[in-house]
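Hi everyone, thanks for making time. I'd like to walk you through a structure that's new to most of you, so let me put it up on the screen.

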Amino acid sequence: MAPWLTVVGIGEDGFSGLGKPARRALLAASRIFGSPRQLALLPHCVSAEQLPWSSPFSLEPVLALRGEPVCVLASGDPMFFGVGASLARQVPAEQLQVLSAPSSCALAAARLGWPLQEVQIVSLVARPPAALNAYCYTGLRLLVLSNDGDSPAQIAALLRDKGFGPSRLQVFEHLGGPQERHVQGTAEDWPHGQLAALNVVAIECQAAADTPRLSPAAGLPDSAFEHDGQLTKRDVRAITLARLAPQPGALLWDVGAGCGSIGIEWMRAHPSCRTLAIEADAGRQALIEHNRDALGVPGLRLIRGKAPQALAELERPDAIFIGGGVTGEGMLALCWERLRPGGRLVANAVTLQSEMALAQFREAHGGELTRIHIAHTQPLGNFDTWRQALPITLLDVVKALDA
C-alpha cells in the first residue's frame, strides 16, 4: 500500500522553506492537521481542509482517514520529540512518509557552534521543570525544549536553587523565522520575564563553589536525600544497585521504599528507567516526593499503600528491591510470582528472622546470599577507631526465563 499519510516538518520560515516533495504533498492532500500556528503558515494555494488538533490531543481523527491523502504538520523534525514518532507507532512504515525540516535543537546548535552530538537534550514539554535536576553537572551543555514562555525564568530559578546560579543561559525564540530573537544572561541574575512560547534554552552548566558535586553513578551521598533515618546507606546502596543492574526501559518495584533512594538512583541510571515506589507511611511518602524532584526523576510513581497488599494489581516489574518487611506474610512469594521471567529480585536483611526468610527462599529458588560488613572511623578519646555498622545480608536471585 502506497503512503497515504505524510508528516511534514515545517519551520518558522513556513511554506517557502519547504522542499518540493513537502509542497507537493500539501497541495495534493485532502485534509491537513496541525496546530493553529502551523496551519497559519500555509498559503491560500493549499486548498485542503485544514483541521486544528482536538483538545485533548488525539490521533484518532487522523487514523480514521486511513487511505485518504492526509498531511500532518509538525515543528521541524517530526521524529524528534514530535508527532511523527507517535504516528509511527500506529501506522505501518510503508503507509507513512515523513519529510523532515531541521529541528529547533539543530538550529540552536548551529547558532551556538556546539557539536550536537556533544550536547544533552532535555524536553520540558508537558513535563515538570524538576526533570532538569538530573542533568546539573558542571561543564555539561544542555539544550532544553521549553514548555512555554515562562520556562526560561523557571529554569533560571531552578538552577539558582540547585546551586548552579553561575550557569549561562541563552534563549532562542522563533528559530529559523523572520521573528528569530536571541537573549542571554546567567541563572543568578536572569533579567528576562516571559518570552515567546516557542523557544529553546541553551545552558552551560556551572556550579557555585560551595555546591555539592553529585555523580550520575550509583551511591549518592546520604546527604543528597531527605530522610527520617530509614535510608539504605550509601555504600550498601551502591552494592544493591549494582546487583539490581538497571537496564534501559526496565521497571523496578521499590518495596517499602522509605525515602525512595533505591528507586530514585535506579531511574538516574538511564532516562528510560521507571520505578514504582511502594510506601505506606505518609511522612515517608512526602520524603519520596521531595527527593524524586530534587534529584531529577519526577516521573517516579509513588504507590501509597502497604506491601504486599498494594502489589497485586501493579504492572509486572523487571526487577524488585525489598529493603524491609521480607518476613511479612506472603511478601517474598507474591513478589516472586509477579516478577517477570528473567527478572531480578534483590532483598536486604539485618535481623536474624529476615535472614532466615532469605535463606529459606534461596533454598527454594536459588540465587546468591552475600554478607556486607562496613565500618567507618570515629573518634575514641584522642584517637580514632573503627565503628562497625550492622551487617547486611543481601539476596540476589534471577527468575528463569521459562518460569
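Let's start with helix H10, residues 331–338. Its buried residues pack against S11, strand S14 (319–322), S15, H11 and S19. And which residues of H10 are buried? They're Met-331, Leu-332, Cys-335, Trp-336 and Arg-338.

Before going on, I should say that this is a predicted model. For the overall picture, the protein chain has 11 helices and 19 strands. Its C-alpha trace spans about 85 × 55 × 35 Å along the principal axes. There are 403 residues in the chain, and 46% of them count as buried. If you take contacts between residues at least 6 apart in sequence, 65% join residues at least 24 apart.

Okay, on to H11, one of the helices that H10 packs against. H11 covers residues 352–365, so 14 residues, and at 1.5 Å a residue that should span 20 Å. The C-alpha atoms at its two ends are 20 Å apart, which agrees. On the buried list for H11 we have Ser-354, Glu-355, Ala-357, Leu-358 and Phe-361. Looking down the axis of H11, those buried residues fall within an arc of 155 degrees, so they line one face of the helix. Here's the background for that: an α-helix has 3.6 residues a turn, so residues three or four places apart point the same way.

What about the face of H11 turned away from the buried side? That one carries exposed residues, namely Leu-352, Gln-353, Gln-360, Glu-363 and Ala-364. Back on the buried side, the cover includes H10 again, along with strand S15 (344–349), strand S16 (368–372) and strand S19 (392–398). Just past the end of H11, Gly-366 takes a positive phi of about 85 degrees.

Last stop is the second largest pocket, with about 970 Å³ of space. Its lining has 45 residues, and the ones nearest its centre are Gln-230, Leu-231, Thr-232, Gly-323 and Gly-324. Elements giving two or more residues to that lining are helix H7 (234–244), strand S11 (251–255), helix H8 (261–268), strand S12 (274–279) and S15. H7 gives the most, with three residues. By class, the lining has 20 nonpolar, 17 polar and eight charged residues.

One link to take away: S15 helps line this pocket, and S15 is also among the elements covering the buried residues of H11. That's me done, thanks!

How values were computed:
Residues numbered from 1 in each chain as written. Predicted model: local features only at pLDDT ≥ 70, side-chain atom pairs only at ≥ 80, totals over all residues. Heavy atoms only, no water. Helix = DSSP H or I, 4+ residues; strand = E, 2+ residues; numbered from the N terminus. Expected span 1.5 Å × (residues − 1). Buried < 20%, exposed > 50% of the residue type's maximum accessible area, 1.4 Å probe, protein only. Arc of directions from axis to C-beta. Contact = heavy atoms within 4.5 Å. 1 Å grid on protein atoms, 1.4 Å probe; cavity = no way out; pocket = protein on both sides within 12 Å on 5 of 7 lines; lining within 4 Å. Points joined across faces, edges and corners; volume = space filled by probe spheres on them. Nonpolar A, V, L, I, M, F, W, Y, C, P; charged D, E, K, R; others polar.
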